[in-house]
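Grab a pencil and work through these exercises with the model open beside you. Each task is followed by a step-by-step solution.

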Amino acid sequence: MEDLLPITETEQASFCVELTKRLNMQRKQEHLCDLTLVTKEGKELMAHSNVLSAVSPFFHKLLQSDMKESHERIVRLEEISGSVMEDVLDFIYTGTVEVTEENAEELVAAANYLLISSLKAISGRFLG
């Protein structure tokens, strides 16, 4: 049997992009989601706790703790609107977000709250 060559950086990048696309598709179909996020107006959004924990120290600490959210699998985000949380989830799962004049300030606030520095940096650029 011949030795397999290690995966190239290009192949690895392509694999990572495909993986995140598939995870995002699963989220949108609410497939294998184990966490419900409830926004300030009561909108419920489903997500994968492992994906949120990998990106956000807020979710990582919360879901590793002994707090009721880690047991109930429901996180109430009373500071974040549904539309902004959808944008945050799009960023978490894809690395991209549409920043507009209308959502920039709220995205920065959500990024601050959820400790997602890369989202804060991207959104903050719009504010000048």
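**Exercise 1.** Classify cysteine 33 and cysteine 16 as buried, partly exposed or exposed, then count the disulfides.

*Solution.* Start with the cut-offs: buried is under 20% relative accessible area, exposed is over 50%, and partly exposed sits in between (1.4 Å probe, protein chains only). Cysteine 33 has a relative accessible area of 15%, so call it buried. Cysteine 16 comes in at 39%, so that one is partly exposed. Now look for disulfides, meaning pairs of cysteine sulfur atoms within 2.5 Å. The tally is zero.

A quick note on what you're looking at: this is a predicted model, where local features need pLDDT of at least 70, side-chain atom pairs count only at pLDDT 80 or more, and totals for chains, interfaces and linings use all residues. Residues are numbered from 1 along each chain as its sequence is written, and side-chain values use heavy atoms, with hydrogens and water left out.

**Exercise 2.** Find the salt bridge partner of aspartate 90, and work out which parts of the chain the pair ties together.

*Solution.* Side chains of opposite charge can pair when their charged atoms come close. The rule here asks for a side-chain nitrogen of Lys or Arg within 4 Å of a carboxyl oxygen of Asp or Glu. Aspartate 90 pairs with arginine 27, with the closest N and O atoms 2.8 Å apart. Next, place the partners: aspartate 90 is in helix H5 (residues 82–94) and arginine 27 is in helix H1, so the bridge ties together parts 63 residues apart in sequence. (Helices are DSSP runs of H or I, at least four residues; strands are E runs, at least two; both are numbered from the N terminus.) Finally, check exposure: arginine 27 is buried at 10%, while aspartate 90 is partly exposed at 26%.

**Exercise 3.** Do the same for arginine 73 and for glutamate 18.

*Solution.* Arginine 73 meets aspartate 34 at 3.2 Å, N to O. Arginine 73 sits in the loop between helix H4 (68–72) and strand S3 (74–77), and aspartate 34 in the loop between H1 and strand S1 (35–39), 39 residues apart. Both ends are partly exposed: arginine 73 at 24%, aspartate 34 at 34%.

Glutamate 18 bridges to arginine 22, closest N and O atoms 3.0 Å apart. Both lie in helix H1, four residues apart, about one turn of the helix. Glutamate 18 is partly exposed at 34%. Altogether, the salt bridge count is four.
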